[in-house]
Amino acid sequence: MIEGARKPSRFEVDRSEGFGERLLGVLLDRAHEMPPQLIAPLVAEEVARVGGRDLSILLQDYEQMLLVPLLGRRLTVGDPEPVEDSPAGEAFLSRKTVEVPQDGSVRMYLPLLDGSDQIGAMAVTLDSVDDDDRRLLRRLAGLVADMIVTKDAYTDLFFQTRRRAPISVAAEIQWSLLPPLSMTVPQVEVAGILEPAYDVAGDSFDYALNGDILHVAMIDAMGHGLDAATMATVAIGAYRHTRRAKTGLSQVYAFMDKAINEQLGPDHFVTAQMMCLNIATGRLQWVNAGHPAPLLIRDRAVVDRLESPTTLPVGFGGEQPTVSERILEPGDRLLCFTDGLIEEHQTGGEQFGEEQLIECTNRILRDRTAVRSVVRGLSHALKQERGDVTSDDATIFLIEWRGGDADHLATLD
């Protein structure tokens, strides 16, 4: 080497394009203009290039009970598979590839992850599987998930697959408001679920991770139907507007209160809870506006309620709220919920109540660890405990704080 010449880095040594990279590159290059219905045929073609066949793309339904096969050219379509107790469901819940040996072949189930949000699973059969196949198919599944989420913004194809029952107009509005149902980064994980999925009206939640601060809001608009959905829309819109203006929690409450009052009048209100969690330090701040207190979970059991001063629900013109604070310990979880979860009762019977909620939560925590799995299991178990009755919206949102940092993700090994 000529003295003084720059030594090439290891990233510059080999610029050749591998077989797997070419396959992924074709999909990525065509993704921008590809109509949604052509995703499946191209993916099937790429799977065939590595010896795969019988491609299935399964999407989670709105009740989070089933993985429903997407219809499309060159796709293998069977019956919906349960999220619980199926290989596809195991891949979906664990976010890991599941391999099922068959007669002279292997059926692979790969999670479809948009970021960390689980949207479904992809299944493909190969005669044999090596590490190169696993790596390529895992990356292909990730790209397919990203394409589905991107295309979902301008097609009804994926919505129609996920819908397993008639849906109300109010529920249509609410689902369009929601952020992804789950998010995972090294320091924190969140997951939420709404019931009844096809008739929810006044409940909603929202979150955003801005730097080291996780912002969370949970609301419950009074009433039912379109009126409640309208209030929820105004409340979430006002919350996002003032959150993005980087105002404090007291100002967030005041702005939401003014928006509901001015747009809908003094006889409309929304109970709400707004939080800020520093994911680097565990410092939690929150404001409670007539909402049930969250439950603190530590070592897989409910240990406390986050009691705090409350102000009037949003829309009633309450005084400036008190901002409460608490320092969490790594591994702590916060279970937030709306009152429909504990006030439900069968005709002539007692309300379900918070004590039963805590008992059921502790029971679920003994069997499950993953945040998304706990949320799903808890919501479905509570619905069964209530006799499958959900006359009011019943929403759960779970936060797990882990601490640490994510700097290692920004460096190349």
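1. A definition to start with: contact here means heavy atoms within 4.5 Å. With that in hand, have a look at helix α2 (residues 39–49) in this predicted model. Helix α2 lies across β1 and β6, and its direction makes about 135 degrees with that of β1. On the same topic, helix α4 (residues 131–151) packs on the sheet, where it touches β1, β4, β5 (105–114) and β6. The angle between α4 and β5 is about 40 degrees.

2. Now the sheet itself. The sheet is open, has 6 strands with antiparallel pairing, and reads β3-β2-β1-β6-β5-β4 in order. Its edges are β3 (81–82) and β4 (98–102); each has a single partner strand, so one side of each is left without a neighbour in the sheet.

3. You may like to zoom in on one strand pair. Strand β1 (residues 53–60) runs antiparallel to strand β6 (residues 117–126), and 5 bridges join the two. Which residue of β6 is the bridge partner of R53? The partner is T125.

4. Further along the chain, please check the helix pair α7 (residues 225–244) and α8 (residues 249–264). These helices pack at an angle of about 145 degrees with their axes 9 Å apart, and the crossing is right-handed.

5. Finally, the residues behind that packing. From α7, the contact includes T230, M231, V234 and Y239; on the α8 side, V252, F255, M256 and I260 are among the residues met. By class, the α7 contact with α8 counts 11 nonpolar and 4 polar residues, with no charged residues.

Notes:
Residues are numbered from 1 along each chain as its sequence is written. This is a predicted model: local features need pLDDT of at least 70, side-chain atom pairs count only at pLDDT 80 or more; totals for chains, interfaces and linings use all residues. Side-chain values use heavy atoms; hydrogens and water are left out. Two strands pair if DSSP finds at least two bridges between them. Helices (H or I, at least four residues) and strands (E, at least two) are DSSP runs, numbered from the N terminus. Axes are lines fitted to C-alpha atoms, for helices over the stretch in contact, and angles run from 0 to 180 degrees between N-to-C directions. A crossing is left-handed if the near helix is turned anticlockwise from the far one by less than a right angle, and right-handed if clockwise. Ala, Val, Leu, Ile, Met, Phe, Trp, Tyr, Cys and Pro count as nonpolar, Asp, Glu, Lys and Arg as charged, and the others, Gly among them, as polar.
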